[in-house]
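Colleague: I would like a close look at the place where the ligand sits. Please begin there and then work outward through the rest of the chain.

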Amino acid sequence: MKRVLITRAVFPEIVASLARGFEVEHNAEDTPWPPQELARRLQGKHGALATVMDKFDAAVLDQCPELKVIANIAVGYNNIDVPAATQRGIRVTNTPGVLDDTTADLTWALLMAAARRIAEGDAYVRSGDWKIAFGVQYFLGQDIHHATLGIVGMGRIGQAIARRAAGFDMRVIYHNRSHLPEAEEKRLGATWVERDTLLAEADFVVVMAPYSPATHHLIGAAEIAKMKPTAVLVNSARGGVVDDAALVEALKAKRIAAAGLDVFEGEPRVNPGYLALRNVVMTPHVGSASRATRMRMCSTAAANLTAVLEGREPPNPVN
Ligand code: DGY
């Protein structure tokens, strides 16, 4: 019987379904294993059902000669050295498609919370400081309706974000390496623009690019300087795509109005500069965290893993 490691706590149904075909070890404590412990647990395993917290670099892969597949429970796979896995004959898979709408929903929640200062207002009401019921200038924020939404990275999730903008009568511009087909642009009501045009014209800049060395600090001090002083920046893609130190400085100096962030460089550590700022709203990497979607991600990853270990082509290969 082939042996499988599940690196974090997942739904019991998933453990049970994999246990029907494989000998399964799973991390019920749900504490991420450091690389040495991960390598130790992978000894003798043929498959790993993993999360973005598990780092599979060449040093870990070298210690796992029997490993045949890493099935990431994520669309992103920057936790895996894919060329190193390919060299060692290890298949890598991900879970594209099943989380697009849920991640787009969360992106909008952050956009709206940052624009309308929801977290700040919530903290104010709870604090007991709210003494005068109404003030003409209390908690003034940014209008969302009829504003310009700029999306950097127009893959499936970017497109799901764009679709939602129609309800707010927004103008949608996007920047991507490749243009969408004309019919698709028409359907989304989205226009391709140069990146600098997007930064200068968007009231809301949403970053939706995967992390790679090429997208490291895609939005840094120079890009933020091109944005409107009233702009809101949203990152629910990956930590490192935005330069957190530069964003902290910009928010502190009010060079832009606000930010909504679900992902951070070096998470779960967060740049301490953010914690003192009221014009940033933060969530702990929960873009795809609805029960239904996380279940679909787990079952998609399990199907990928099963396919490889049964000698079939996985539905979602990365390599
Ligand atoms: C993804 O799917 O990449 C999400 O960030 C969850 O890890």
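Modeller: Bear in mind throughout that this is a predicted model. The ligand is surrounded by Val52, Ala74, Val75, Gly76, Leu99, Arg238, His285 and Met297. By type, this shell divides into five nonpolar residues, two polar ones and one charged one. Three short distances to ligand oxygen can be listed. At valine 75, a backbone N or O atom lies 2.7 Å from an oxygen atom of the ligand. At glycine 76, a polar backbone atom is 2.9 Å from a ligand oxygen. At arginine 238 the atom involved is a polar side-chain atom, and the distance to an oxygen atom of the ligand is 2.6 Å. On its own the ligand has 230 Å² of accessible area, and the protein covers 87% of that.

Threonine 95 leads on from this site. Its contacts, leaving aside neighbours within four places in sequence, are Asn72, Ile73, Ala74, Val75, Met297, Thr300 and Ala301. Of these, Ala74, Val75 and Met297 are also among the residues around the ligand. Threonine 95 itself is in the loop between β5 (91-93) and α5. With 0% relative accessibility, threonine 95 counts as buried, because the cut-off for that word is under 20%.

Helix α5 covers residues 100-115, and alanine 114 is in it. Alanine 114 has 8% relative accessibility and so counts as buried too. Its contacts beyond four places in sequence are Val232, Ala258, Ala259, Gly260 and Val281. One of these partners, glycine 260, is 146 residues away along the chain, yet the two C-alpha atoms are separated by 5.5 Å.

Helix α6 (residues 118-127) holds tyrosine 124, and alanine 123 is found in α6 as well. Both fall in the middle class of accessibility: tyrosine 124 is partly exposed at 25% relative accessible area, and alanine 123 is partly exposed at 44%. Sequence separation is a poor guide to distance here. Tyrosine 124 and serine 288 are 164 residues apart in sequence, and their C-alpha atoms are 28 Å apart. For alanine 123 and arginine 278, with their positions 155 residues apart along the chain, the C-alpha separation is 10.0 Å. Outside its neighbours within four places, tyrosine 124 is in contact with Asp129, Trp130 and Phe139.

That last partner, phenylalanine 139, has a backbone feature to note. Its phi is positive, about 45 degrees, although the residue is not a glycine. Most residues other than glycine have a negative phi, and most peptide bonds are trans. Phenylalanine 139 lies in the loop between α6 and β6 (148-152), and with 29% relative accessibility it counts as partly exposed. Lysine 254 is another non-glycine residue with a positive phi, near 55 degrees. The place of lysine 254 is in the loop between α11 (244-252) and β11. Lysine 254 is exposed, at 62% relative accessible area. On the peptide-bond side, glutamate 267 and proline 268 are joined by a cis bond, with omega about 15 degrees. Proline 268 lies in the loop between β11 (258-261) and α12 (272-275).

The N-terminal part remains. In helix α1 (residues 12-19), the residues Ile14, Val15 and Leu18 are buried. Around the helix axis they cover an arc of only 100 degrees, which means that they lie on the same side of α1. An α-helix has 3.6 residues a turn, so residues three or four places apart point the same way. The buried residues of α1 pack against three strands, β1 (3-6), β2 (23-26) and β3 (47-50), and against helix α13 (291-309). Asparagine 27 is placed in the loop between β2 and α2 (35-41). Asparagine 27 is buried, with a relative accessible area of 2%. Not counting residues up to four places away in sequence, asparagine 27 touches Ile6, Thr7, Arg8, Ala9 and Trp33.

How values were computed
Residues are numbered from 1 along each chain as its sequence is written. This is a predicted model: local features need pLDDT of at least 70, side-chain atom pairs count only at pLDDT 80 or more; totals for chains, interfaces and linings use all residues. Side-chain values use heavy atoms; hydrogens and water are left out. A residue is near a molecule or strand if one of its heavy atoms lies within 4 Å of it. A polar contact is a pair of N or O atoms within 3.5 Å; within protein, one must be able to donate a hydrogen and the other to accept it, and residues adjacent in sequence count only if both atoms are side-chain atoms. Accessible areas come from the Shrake-Rupley method with a 1.4 Å probe; for residues, only the protein chains shown count as cover. Ala, Val, Leu, Ile, Met, Phe, Trp, Tyr, Cys and Pro count as nonpolar, Asp, Glu, Lys and Arg as charged, and the others, Gly among them, as polar. Helices (H or I, at least four residues) and strands (E, at least two) are DSSP runs, numbered from the N terminus. Buried means under 20% relative accessible area, exposed over 50%, partly exposed in between (1.4 Å probe, protein chains only). Contact means heavy atoms within 4.5 Å. The arc is that of the directions from the helix axis to the C-beta atoms.
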